[in-house]
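Please read the points below with the structure open beside you, and look up each residue as it comes up. The notes go from one helix outward to other parts of the chain.

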Amino acid sequence: MAKCFSFTASRDSCYRYSFTRGGLKSCTTDLGDGTIIHCWIPKSHIQTKPTLLLIHGFGANAMWQFNDVIPPFKSKFNIYIPDLLFFGDSYTTRPDRTESFQARCLMAVMERLNVKKMDVMGLSYGGFVAYSMAAQFKERVGRVVLGCAGVCLEEKDMEEGMFKVKTVDEAVNILLPQNPEKVRELLKLSFHRPPPPAPSCFLNDFIQVMCTEYRQEKKELIQTLHKDRQLSNLPKITQPTLIIWGEYDQVFPLELAHRLKRHIGDNAELMIIKNVGHALNAERPKEVLKHIKSFLTDTLPAKQGNRTNGHKTD
């Protein structure tokens, strides 16, 4: 018997409507090498406004992570919101699974759309891609916001017990859940105060709609992110950078935020949001957006130093 109703698909449709009401339209770009990138772009690009590229993490797709960002930012920026490869309607037949390749694909799309300069914000895995864009395209990327992005992790960190998960395969099984119990594990790992548990029927529906397509390719993205990673190989970006992190992040522990701040140096400031976990944009959305908006709309050079819960500290 065919399923009559999908809560997840219905919510996805609501987000699609919300994006359209927010002044965005769906756009698909064929890069000509077996790579297709879907991106939400402004219905009308206003030349006098700066451009902001929002890059999602391993959540469902771009719409689910950035629906709340559009209202407070659309008056200040031309907003572009792509689906990364193997999320939403983006995919490739090429074998490259690095964040560097993701970054090059996004910049190729922006080039096709005739956008020459942009600020970038990336959450979690999207922060890895944003960092790579800033490193590869120094003249085209302005300000950078990195949300809970463990860019400075090293392969040895897992062996030395930094993470809650003990192996990459364990991380894959949680980040790409295939049963309700794994979804609940993901929520416990991502939130400092997890939401009330949902019935298994809703979680199974979410898995069916959001977690089955391209699972092998997404697994390879996670494996590639971790394999042979060393801080000594990570380039330093020079753009003004806001690092924003949850105090109780269990996916990428807070030590990685301090490590990243030290690695970038004076061009970065660190904002630690109290009493939240990895999903800081879901746990404390208004506070997080307030700090990000302040950083991006400030016309002065980025302030140096660290800030904790909205306060700069020496």
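1. Helix α7, which spans residues 168-175, has Val-168, Ala-171, Val-172 and Ile-174 as its buried residues. They cover an arc of only 170° around the axis, so they lie on the same side of α7. An α-helix has 3.6 residues a turn, so residues three or four places apart point the same way. The buried residues of α7 pack against three other helices, namely α6 (155-159), α8 (180-190) and α10 (215-226). Please keep in mind, here and below, that this is a predicted model.

2. Helix α11 gives another case to consider, and one may ask how many of its residues are buried. Eight of the 11 residues of α11 are buried, so the helix is largely enclosed by the rest of the structure. The buried residues are Leu-254, Leu-256, Ala-257, Arg-259, Leu-260, Lys-261, His-263 and Ile-264. Just after α11 comes Gly-265, which takes a positive phi of about 90°.

3. Within α11 (residues 254-264), Arg-259 deserves a separate look. Because its relative accessible area is 12%, and buried means under 20%, Arg-259 counts as buried. What does the side chain of Arg-259 reach at 2.9 Å? It reaches the backbone oxygen of Cys-152. Leaving out residues up to four places away in sequence, Arg-259 touches Cys-152, Leu-153, Glu-154, Asp-157, Met-162 and Leu-231.

4. A second arginine, Arg-140, is placed in the loop between α5 and β7 (141-147). Is Arg-140 buried or exposed? With a relative accessibility of 16%, Arg-140 counts as buried. When neighbours within four places in sequence are set aside, the contacts of Arg-140 are Met-107, Met-110, Glu-111, Val-115, Lys-116, Lys-117 and Met-118. A third arginine, Arg-143, can be found over the face of Phe-295, at 5.2 Å from the ring centre.

5. The largest nonpolar core has 101 residues, and the members that touch the most other members are Phe-73, Ile-81, Met-133 and Ile-292. Helix α5 (residues 125-136) supplies the largest share of this core, with eight residues. To follow one of these members in the model, take Ile-292, which, apart from neighbours within four places in sequence, is in contact with Phe-73, Met-121, Val-145, Leu-242 and Ile-244.

6. A search for aromatic pairs through the whole structure finds 10. One of them joins Trp-64 and Phe-206 in an edge-to-face arrangement, with 5.8 Å from centre to centre and 65° between the planes. This pair links distant parts of the chain, since Trp-64 belongs to helix α2 (residues 62-66) and Phe-206 to helix α9 (residues 200-210), 142 residues apart. Trp-64 is buried, at 18% relative accessible area, whereas Phe-206 counts as partly exposed, at 22%. Elsewhere, ring pairs connect Phe-58, Phe-87, Tyr-125, Phe-128 and Phe-252 into a cluster.

7. Two strand residues may help in learning to read accessibility values. Tyr-80, which lies in strand β4 (residues 78-82), counts as buried because its relative accessibility is 3%. Thr-28, placed in strand β1 (residues 24-30), counts as exposed because its relative accessibility is 51%, the cut-off for exposed being over 50%.

8. The surroundings of these two residues can be traced in turn. Without neighbours within four places in sequence, the contacts of Tyr-80 include Cys-39, Trp-40, Ile-41, Leu-54, Met-110 and Val-115. The C-alpha atoms of Tyr-80 and Leu-54 are 6.3 Å apart, although 26 residues separate them along the chain. Thr-28 touches Ile-36, Ile-37 and His-38, again not counting residues up to four places away in sequence. The C-alpha atoms of Thr-28 and Ser-90, 62 residues apart along the chain, are separated by 8.3 Å.

9. Finally, please check two residues that have a positive phi without being glycine. Ser-124, with phi near 55°, is found in the loop between β6 (118-123) and α5, and its relative accessibility of 15% makes it buried. Tyr-214, with phi of about 60°, is found in the loop between α9 and α10, and it is partly exposed, with a relative accessible area of 24%.

Definitions and conventions:
Residues are numbered from 1 along each chain as its sequence is written. This is a predicted model: local features need pLDDT of at least 70, side-chain atom pairs count only at pLDDT 80 or more; totals for chains, interfaces and linings use all residues. Side-chain values use heavy atoms; hydrogens and water are left out. A nonpolar core is a set of buried Ala, Val, Leu, Ile, Met, Phe, Trp, Tyr and Cys residues joined through side-chain atoms within 4.5 Å. Buried means under 20% relative accessible area, exposed over 50%, partly exposed in between (1.4 Å probe, protein chains only). Helices (H or I, at least four residues) and strands (E, at least two) are DSSP runs, numbered from the N terminus. Contact means heavy atoms within 4.5 Å. Rings of Phe, Tyr and Trp (its six-membered ring) pair if their centres lie within 6.5 Å; planes under 30 degrees apart count as stacked, over 60 as edge-to-face and the rest as tilted. A charge sits over a ring if NZ of Lys or CZ of Arg is within 6 Å of the ring centre and within 35 degrees of the ring normal. The arc is that of the directions from the helix axis to the C-beta atoms. A polar contact is a pair of N or O atoms within 3.5 Å; within protein, one must be able to donate a hydrogen and the other to accept it, and residues adjacent in sequence count only if both atoms are side-chain atoms.
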